[in-house]
Amino acid sequence: MLTIRDLTKPQLEGKRVYVRVDFNVPQTNGVIRDTSRIQAALPTLRYLLKDGARVILMSHLGKIDWKEPDPAKIAAMKQANDMTPVAAVLQKFIPHNKVHFSPATSGPDLKAAVDALLNGEVLLVQNTRYEKGEEKNDPALAAEWASLADVFVMDAFGSAHRAHASTVGVPTVMKTQGKPVAEGYLMIREVENLTHCVRPTDQDRPYIAVLGGLKVSDKIKVIDTLLTKCDEILIGGAMAYTFQKALGLKVGNSPVEDDQLAYAKKCLDDAKGKIILPVDSIITNSFDPKPDRLIQTIKGDIPDGFEGVDIGPETAVLFKAEIAKAHLLFWNGPMGVFEQPEFQAGTKAICDGVRAIKGKAFTVCGGGDSASAVKEFGYSKDFSHVSTGGGASLELIENDGHLPGVDVLQ
Ligand code: ADP
Ligand code: MG
């Protein structure tokens, strides 16, 4: 696979380089609340710009439902997901390179904006999802975008699990035209570190996975893949209750997926002791912090009217002791309702466990909510890698290292 490091100055100077970035930033009324996705693309941009490339940046932002029949509603969705504010923020990060913005996502106006670019300048194009053909990977759209550039660089790891026109269609066309197609710096890091978790070596033993979060159904493929790779899987979060119910425990009002009980049972049988479940839980009768609400630690059956909201203190000790043995660790899914301070302890215990093996083990956290918990609690530096990929990081694990937006670069 070609990487950005293989692209030399003669391949870049004065050349039009199409870079698919992930600028899907959270914003409120045109104010960007978190610029980390923009910053994550800077190493790739700086590399291209220092060699005099003319950079065309493409990204989606939010959702536009093209099945909506009312044009006024489409227009409102477009307005809510307008990329214009992103250009201003990007310009502040690269003050020495002019950032232009193209409101046109196709047609002669986009072509004219690309033609007007000078060496070392950037053109940020409006939200790719303004095009109806983007999510359908429309071949005509992909061909038009591909015709605008001489080189393709993929740096949108968070979108690499989607075979859309801007992620997969364009490099597919450009490859047939003999144009270079390469991975950017963000992609290199993400793919390398996450692939490590599906290609464990002998030195990585014991390999321990920690899984949590809300739904078993979201994670079946991850569990199945990791069972073939790991020595042990620690399961917490809401999904643990589906496994416990499958074992015959009472789980009160805990969020259980009854249609997954058979899967959970089979999974536990097949795992032959590899899966470790919580031995105690934090339970509550209310999420509402009213004065008379009850929060308790419990072992065994959970009474009706209560639900499990975090792993208990004994489980935290147990899980930390298991984590201490790991040479490779993959973690996805919070251990409890970490959004509420009362139910954060379990998730923080996993973070502490990882901190304790820093430098001795290779540790990776993947998944949108898990990564935000790590960040929010201040443990980012304790992990070898915290993926920015959200759903893409999980799909890479599920698919044994494969994603459409990665495979197309081969
Ligand atoms: P990720 O985005 O990292 O893959 P998920 O989306 O699967 O993680 O799960 C995150 C969500 O799971 C969080 O919103 C958290 O509140 C919720 N959660 C974890 N444990 C519980 C629980 N016991 N009861 C209800 N929700 C839970
Ligand atoms: Mg999530």
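How are H10 and H12 oriented relative to each other?

1. In this predicted model, the axes of helix H10 (residues 216-229) and helix H12 (residues 261-271) come within 12 Å and cross at roughly 15°. Angles under 35 degrees count as roughly parallel, and H10 and H12 are therefore roughly parallel to each other; their crossing is left-handed.

2. On the H10 side, the contact is made by Val216, Ile220, Ile223, Asp224 and Leu227, while H12 contributes Tyr263, Cys267 and Ala271. Sorted by character, the residues of this contact comprise seven nonpolar, no polar and one charged.

3. The largest nonpolar core has 66 residues, and those that touch the most other members are Trp145, Phe157, Leu226, Ile233, Phe243, Ile275 and Phe330. Apart from this core lies another, of 33 residues, with Leu7, Phe23, Val89 and Val153 among them.

4. Leaving aside its neighbours within four places in sequence, Trp145 is in contact with Tyr18, Met58, Thr105, Leu110, Thr128, Glu131, Glu134, Ala165, Ser166 and Val170. Of these partners, Ala165, Ser166 and Val170 are buried residues of H8.

5. Helix H8 (residues 165-176) is mostly covered, with nine of its 12 residues buried; Thr167, Val168, Gly169, Pro171, Val173 and Met174 are also among the buried residues. The elements that cover them include strand S1 (16-20), helix H7 (139-147), strand S7 (151-154), strand S8 (181-183) and helix H17 (404-407). Just after H8, Gly178 adopts a positive phi of about 75°.

Conventions. Residues numbered from 1 in each chain as written. Chains lettered and ligands numbered in written order. Predicted model: local features only at pLDDT ≥ 70, side-chain atom pairs only at ≥ 80, totals over all residues. Heavy atoms only, no water. Core = buried A, V, L, I, M, F, W, Y, C linked by side-chain atoms within 4.5 Å. Buried < 20%, exposed > 50% of the residue type's maximum accessible area, 1.4 Å probe, protein only. Contact = heavy atoms within 4.5 Å. Helix = DSSP H or I, 4+ residues; strand = E, 2+ residues; numbered from the N terminus. Axes fitted to C-alpha atoms, helices over the stretch in contact; angles between N-to-C directions. Parallel < 35°, antiparallel > 145°, perpendicular 65-115°, else oblique. Left-handed = near helix turned anticlockwise from the far one by under 90°. Nonpolar A, V, L, I, M, F, W, Y, C, P; charged D, E, K, R; others polar.
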